[in-house]
Amino acid sequence: MNFRRIFLVKCLLLLFPSVKCSSTSWIYKAVNETALLSITAPGSIFEATWMKDRQRLVQMKNKNVRYFVNREQCRCAMLRNGTLQIQRLEKGDSGKYTVTVYQQDGKLQAEENTVLFVQEPVPQPNLTAECRNKSVSVKCEVKWKDEAKEKAKDEAFMIELTQPNGKKIQKNATVLEWRGWNSGTFRCVAKNKVSEKMAEKTIKCTGKMDFYLILIIAGGAVFFVICVICLIYCIRRKKKRNQVYEEERAMQALPADRERGVRELPQTPSEPTPKQLRVQQRPLPPQPPEPQPPRPRPRPRTQPRTPNLPRDRP
């Protein structure tokens, strides 16, 4: 029974449920396992009949069991509590099983549906990993054996690949490939509803730089450049401040230098320069006579002068 048919059965059960106390359950089992289809109706069971796809299999009435099919071919048995037991499951045992329970007075007590899915166990996955062009290439593949390939036709199972950083990739396929920068332990899991198998492999790419290591180195280089730029800026700013400070000190000391220069005469150099010798050899121009200082004026008298009296003539 293929997966499409099982999906169609599910849809029919949801669209057309039974009218009287009908319930549906799903059971997944692997090939060669044993399935137990139980009855969930409470109370004692007087009469119960199991059917598969509207074909009666076995009936129990007042603790008496009656088979409508070959018991060895069916590989089924009915227990005292009404549970249907199917041994050595095969792919053909998948389908819809219905049980009807009646009371002693003939009234319908319950009607329950059970959908059974029989699947092949998943094979062991094959995990391969290798270093290619400074990266890691991982391939997870599941191959059916020749005798199980036809039986497992149209069956779907999931492949899950777990990376060293914990990230998972899932895909419904038989091959899953991944390529990246993370090296370490990889885990490949193949699973379906009835089985799960795993394979692990550790790979270390020697001489290859990890992607995160490259980012760290690049970040460190950028940080170093920023620090150098800040250092140069601080040195230039400090130098500029020192120049401004020296200029301010020079401006403050300028008036004192001027006053001291006025008071002190310039000293003649001990050895005259050639230019000064040429100037000294030239005749000096005639200098105008120095003006004589004015004669002092007589001081005014503070007391009044007595007038001269006329003299008497003899």
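Visitor: Which residues form a nonpolar patch on the surface?

Guide: In this predicted model, a nonpolar patch on the surface has about 470 Å² of accessible area when its members are taken together. The residues that form this patch are Phe224, Val225, Val228, Ile229 and Ile232.

Visitor: Where is valine 228 found, and does it count as buried, partly exposed or exposed?

Guide: Valine 228, a member of that patch, is found in helix α4, which covers residues 211–263. The relative accessibility of valine 228 is 34%, and a residue is called buried under 20% and exposed over 50%. Because its value falls in between, valine 228 counts as partly exposed.

Visitor: In which loop does aspartate 53 lie, and is aspartate 53 buried, partly exposed or exposed?

Guide: Aspartate 53 has a phi near 50°, which is a positive value in a residue other than glycine. Its place is the loop between β3 (47–52) and β4 (55–61). With a relative accessible area of 45%, aspartate 53 is partly exposed.

Visitor: What is the phi of arginine 54, and does arginine 54 count as buried or exposed?

Guide: Arginine 54 is placed in the loop between β3 and β4, and its phi, a positive value in a residue other than glycine, is near 70°. Since its relative accessibility is 85%, and the cut-off for exposed is over 50%, arginine 54 counts as exposed.

Visitor: How many of the residues of the protein chain, as a percentage, count as buried?

Guide: The protein chain has 5 helices and 16 strands, and it exposes about 25000 Å², of which carbon and sulfur atoms supply 53%. Of its 314 residues, the share that counts as buried is 27%.

How values were computed
Residues numbered from 1 in each chain as written. Predicted model: local features only at pLDDT ≥ 70, side-chain atom pairs only at ≥ 80, totals over all residues. Heavy atoms only, no water. Helix = DSSP H or I, 4+ residues; strand = E, 2+ residues; numbered from the N terminus. Buried < 20%, exposed > 50% of the residue type's maximum accessible area, 1.4 Å probe, protein only. Areas by Shrake-Rupley, 256 points an atom, 1.4 Å probe, with all protein chains shown as cover. Patch = residues over 30% accessible without salt bridge, like charges linked within 9 Å, V, L, I, M, F, W, Y side chains within 5 Å. Salt bridge = Lys/Arg side-chain N within 4 Å of Asp/Glu carboxyl O.
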